[in-house]
Amino acid sequence: MLKAINPRPLTRIGHGFDSHEFREGIPLKLGGVSLPHTKGLGGHSDGDVLLHAITDALLGAMAAPDIGALFPPSDPKWKGADSVVFLREALNRVRASGYTVCNLDASLILAAPRIGPHAPAIRNRVAELLGVNSDCVGLKAKTPEGLNLENTAVAHVVVLLQKEITSKKTRSKNTRKSEQKAARS
Ligand SMILES: [Zn+2]
């Protein structure tokens with residue numbers, strides 16, 4: 001077997017994707033925020049497509065099992081569950097491995113409701129859940145032009161993680177650099 005060149009990377013990237021169908025008469029939750037709308041997202045748990053994609057992005061970055069493996073939709077325990085529970089489990093795994101969230105970027109694709117007016121609330125809530133500043137949470141919303149997905153909400157997320165504490169090697173390298181800089185000035 002080949003020896004890993006970088007067994008403990010300083011950064012890790014993760015990608016998450018999810019989609020849910022709209023259903024009449026159920027509450028709509030996106031990014032942990034309840035939005036006023038006539039329809040909500042059906043399926044697994046509370047159907048929060050954005051939190052599910054973020055959860056999978058975090059798990060993916062750790063090369064951990066995905067949300068469906070950790071919280072099987074077939075398990076009645078997760079029916080109607082608050083998706084914050086899934087996100088917290090993923091975040092716990094990230095932190096247990098010594099990583100922290102650097103930033104994330106999300107794209108939501110849905111015909112309605114308009115996300116613009118709710119974007120600040122969603123970004124703030126996601127930032128709060130992840131323990132980062134809201135300027136580390138990107139959120140873009142698109143309508144499904146040409147996709148024929150008028151009754152579906154789709155979320156794509158990429159997340160960047162970084163090692164929580166810089167290694168001795170990095171520290172000494174940085175110290176050396178600042179010493180060289182000080183010597184030059
Ligand atoms: Zn989902």
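Guide: Helices and strands here are DSSP runs, numbered from the N terminus. The model is predicted. Its protein chain holds five helices and seven strands.

Visitor: Which pattern does the protein chain follow along the sequence?

Guide: The pattern reads β-β-β-β-α-α-α-β-α-β-β-α.

Visitor: Now the sheet. How do strands of a sheet pair?

Guide: They pair through backbone hydrogen bonds, either parallel or antiparallel. In this model, five strands form an open sheet with mixed pairing. Their order is β4-β1-β7-β5-β6.

Visitor: Which strands stand at the edges?

Guide: β4 (39-41) and β6 (137-142) do. Each has a single partner strand, so one side of each is left without a neighbour in the sheet. On average, neighbouring strands of this sheet are turned by 20° against each other, direction ignored.

Visitor: In which sense do β1 and β7 pair, parallel or antiparallel?

Guide: Antiparallel, over eleven bridges. One place to look is Glu 21, whose bridge partner in β7 is Thr 152. β5 and β7 also run antiparallel, joined by ten bridges. There, Tyr 99 stands opposite Lys 163 of β7.

Visitor: How many bridges join β5 to β6?

Guide: Six, and these two strands run parallel. Find Leu 108, which stands opposite Ala 141 in β6.

Visitor: Which helix packs on the sheet and touches β1, β4, β5 and β7?

Guide: Helix α1, residues 49-61. The direction of α1 makes about 155° with that of β1. Helix α4 (residues 119-130) lies across β5 and β6. α4 runs at about 140° to β6.

Visitor: Next, the backbone. What sign of phi do most residues other than glycine have?

Guide: Negative, and most peptide bonds are trans. Look at Ala 63, in the loop between α1 and α2 (67-70). Its phi is positive, near 55°. Asn 148, in the loop between β6 and β7, has a positive phi near 60°.

Visitor: Where is a cis peptide bond?

Guide: From Ala 112 to Pro 113, with omega near 0°. Pro 113 lies in the loop between β5 and α4.

Visitor: Is Ala 63 buried or exposed?

Guide: A residue is exposed if 12 or fewer other C-beta atoms lie within 10 Å of its own. Ala 63 has 9, so Ala 63 is exposed. Asn 148 has 8 such neighbours inside 10 Å, so Asn 148 counts as exposed too. Across the 185 residues of the protein chain, 30% count as buried.

Note on methods:
Residues are numbered from 1 along each chain as its sequence is written. This is a predicted model: local features need pLDDT of at least 70, side-chain atom pairs count only at pLDDT 80 or more; totals for chains, interfaces and linings use all residues. Two strands pair if DSSP finds at least two bridges between them. Helices (H or I, at least four residues) and strands (E, at least two) are DSSP runs, numbered from the N terminus. Axes are lines fitted to C-alpha atoms, for helices over the stretch in contact, and angles run from 0 to 180 degrees between N-to-C directions. Two residues are in contact if their C-beta atoms, placed from the backbone, lie within 7 Å. A residue is buried if 20 or more other C-beta atoms lie within 10 Å of its own, exposed if 12 or fewer, and partly exposed in between; C-beta atoms are placed from the backbone.
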